[in-house]
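Here's a quick tour of a protein chain for the bench. Have a look at the fold below, then read on.

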Amino acid sequence: MDPTGKHCPKAPAHDPLVSSVPLFDPAQLPLRDWCVGSREDAVTGLVAFPDFHSHIPRALASTLTSGGLVGLAIGDVDGLKGHVEQANATDPGCYGHLAGNKVMARLGAVTRTWFHTQPWEAGCAATFGGDEVIVAAALDDANAFHRAITQLRDRLADELPVRVSFALAFASAEHLPADRGASGWKHHFTDQLLAAVDRCLFTHKATRRTTGGEGGIIAITQPPPTGHSAPARDHRTLLPLPTGAETLHVLARPAGTATRGMLLLPCAGPAGLRGKRLRVTSPDGTTHTAVAVSLHGQAAVPHEVAVTETAKGPGIPLTLQPVREKSARGVPDDLAAALEKEGLHWSVLPAHEQAQMLHLITESATDDIRTARITAVIDAVATRTRS
């Protein structure tokens with residue numbers, strides 16, 4: 001029986017993992033193609049970190065050198081120490097560290113179930129530190145990986161007495177080191193990537209403790225610079241800017257000139273010349289409105305501090321939220337949401353055209369007609385924006 005209370009079938013006698021993993025069914029190990037032959041962590045049932053760390057450098061290097069995209073996420077339990085201390089003080093039948101083990105065992109069980117529902121052809125989930133989980137996968141779409149980690153975060157919130165915060169990054173061939181002839185470069189590159197994600201996670205958690213924010217966040221960062229310029233930036237590694245009611249936690253990196261500082265966001269730049277207005281919350285908890293622009297296809301916001309003063313450390317933790325443009329003409333919610341989704345601005349249309357289109361939308365006889373008219377408005381705004 002595993003620590004979650006579920007019975008597991010006994011492994012066959014010839015299985016090479018029998019001697020090292022007596023508690024779990026090896027078939028339940030959360031891996032697909034990567035890290036095959038690894039041992040299980042005895043508490044979580046995930047891939048044991050020593051084996052993950054041994055196998056994953058070759059897997060990452062092979063995927064990236066062939067032009068693939070990789071997603072890497074690290075999750076850390078929020079407030080596990082406090083939960084253990086509370087259990088130790090209030091539950092006479094459950095001493096503190098046993099409560100911590102129960103949390104980690106359940107975290108592993110939920111992660112295993114979630115992993116086996118994912119469509120990735122290659123990937124794995126492993127332990128990382130005492131109360132962390134790491135997920136790595138070969139991807140077709142960075143945004144889908146972000147949604148999958150969000151789903152895991154939400155499932156864990158439903159199952160655990162504490163929340164789990166994640167940080168993630170995406171890597172492609174442009175992030176590989178220029179000199180790949182040196183011995184051990186694959187392990188060095190992997191360690192740098194892991195360190196970047198881990199630092200992002202703990203930078204945001206430190207900010208949360210300072211500002212009193214909630215746990216269970218997902219923070220986005222980018223791999224460290226390689227020191228060489230790629231022929232063309234791989235925009236597959238950039239997530240969309242937030243829309244609707246979305247909140248995005250990012251680690252921004254200083255860039256720009258000495259006269260005007262900019263913070264690069266791990267997001268795709270907005271289309272058009274107007275940029276996209278965002279509500280930006282700084283590490284001290286203050287919030288202001290900034291216009292994100294596109295620098296070579298990557299989103300960036302102005303930063304009043306000189307670049308040289310902010311270049312130290314892994315980056316600046318920011319929270320991004322979209323700004324819904326105000327309209328004196330009372331734009332309906334469904335039209336406003338459609339404009340926001342496409343990154344378009346209602347104000348590009350003359351006032352008389354706005355009035356005509358609003359009249360047509362509000363006078364729609366059926367929902368289908370209303371939807372079709374909103375689509376026509378979006379096309380008209382897009383055309384006017386490009387002209």
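Let's start with one ring: with a relative accessibility of 2%, Phe 170 counts as buried, because the cut-off for buried is under 20%. Keep in mind that this is a predicted model.

Phe 145 is buried too, with 0% relative accessibility. These two rings make an aromatic pair: their centres are 5.8 Å apart and their planes sit at 80 degrees, so the pair is edge-to-face. The pair ties together distant parts of the chain, as Phe 145 belongs to helix α4 (residues 142-159) and Phe 170 to strand β5 (residues 164-171), 25 residues apart. The structure has 6 aromatic pairs. Phe 145 and Phe 170 also belong to one aromatic cluster, together with Trp 114, Phe 115 and Trp 120. Another ring, that of Trp 185, has Arg 180 lying over its face, at 6.0 Å from the ring centre.

Now for the chain as a whole. It has 9 helices and 12 strands, and 48% of its 387 residues count as buried. Take the contacts with a separation of 6 or more: residues 24 or more positions apart account for 69% of them. The accessible surface of the chain is about 19,100 Å², and carbon and sulfur atoms make up 53% of that.

Two of the helices are worth a look side by side.

| Helix | Buried residues | Exposed residues on the other side |
|---|---|---|
| α2 (residues 80-90) | Leu 80, His 83, Val 84, Ala 87 | Lys 81, Gln 86, Ala 89, Thr 90 |
| α9 (residues 367-386) | Ile 374, Val 377, Ile 378, Val 381, Ala 382 | Asp 368, Arg 386 |

Why do the buried residues of α2, namely Leu 80, His 83, Val 84 and Ala 87, end up on the same side of the helix? They cover an arc of only 100 degrees around the axis, which puts them there. The general rule is that an α-helix has 3.6 residues a turn, so residues three or four places apart point the same way.

In α9, the buried set is Ile 374, Val 377, Ile 378, Val 381 and Ala 382. They span an arc of only 135 degrees around the axis, so they too lie on the same side of α9. And what covers these buried residues of α9? The cover includes α7 (333-342) and α8 (351-362). With 20 residues, α9 reaches 29 Å from its first C-alpha to its last, close to the 28 Å expected at 1.5 Å a residue.

Key:
Residues numbered from 1 in each chain as written. Predicted model: local features only at pLDDT ≥ 70, side-chain atom pairs only at ≥ 80, totals over all residues. Heavy atoms only, no water. Buried < 20%, exposed > 50% of the residue type's maximum accessible area, 1.4 Å probe, protein only. Helix = DSSP H or I, 4+ residues; strand = E, 2+ residues; numbered from the N terminus. Arc of directions from axis to C-beta. Contact = heavy atoms within 4.5 Å. Areas by Shrake-Rupley, 256 points an atom, 1.4 Å probe, with all protein chains shown as cover. Expected span 1.5 Å × (residues − 1). Phe/Tyr/Trp six-rings, centres within 6.5 Å; stacked < 30°, edge-to-face > 60°. Lys NZ or Arg CZ within 6 Å of the ring centre and 35° of its normal.
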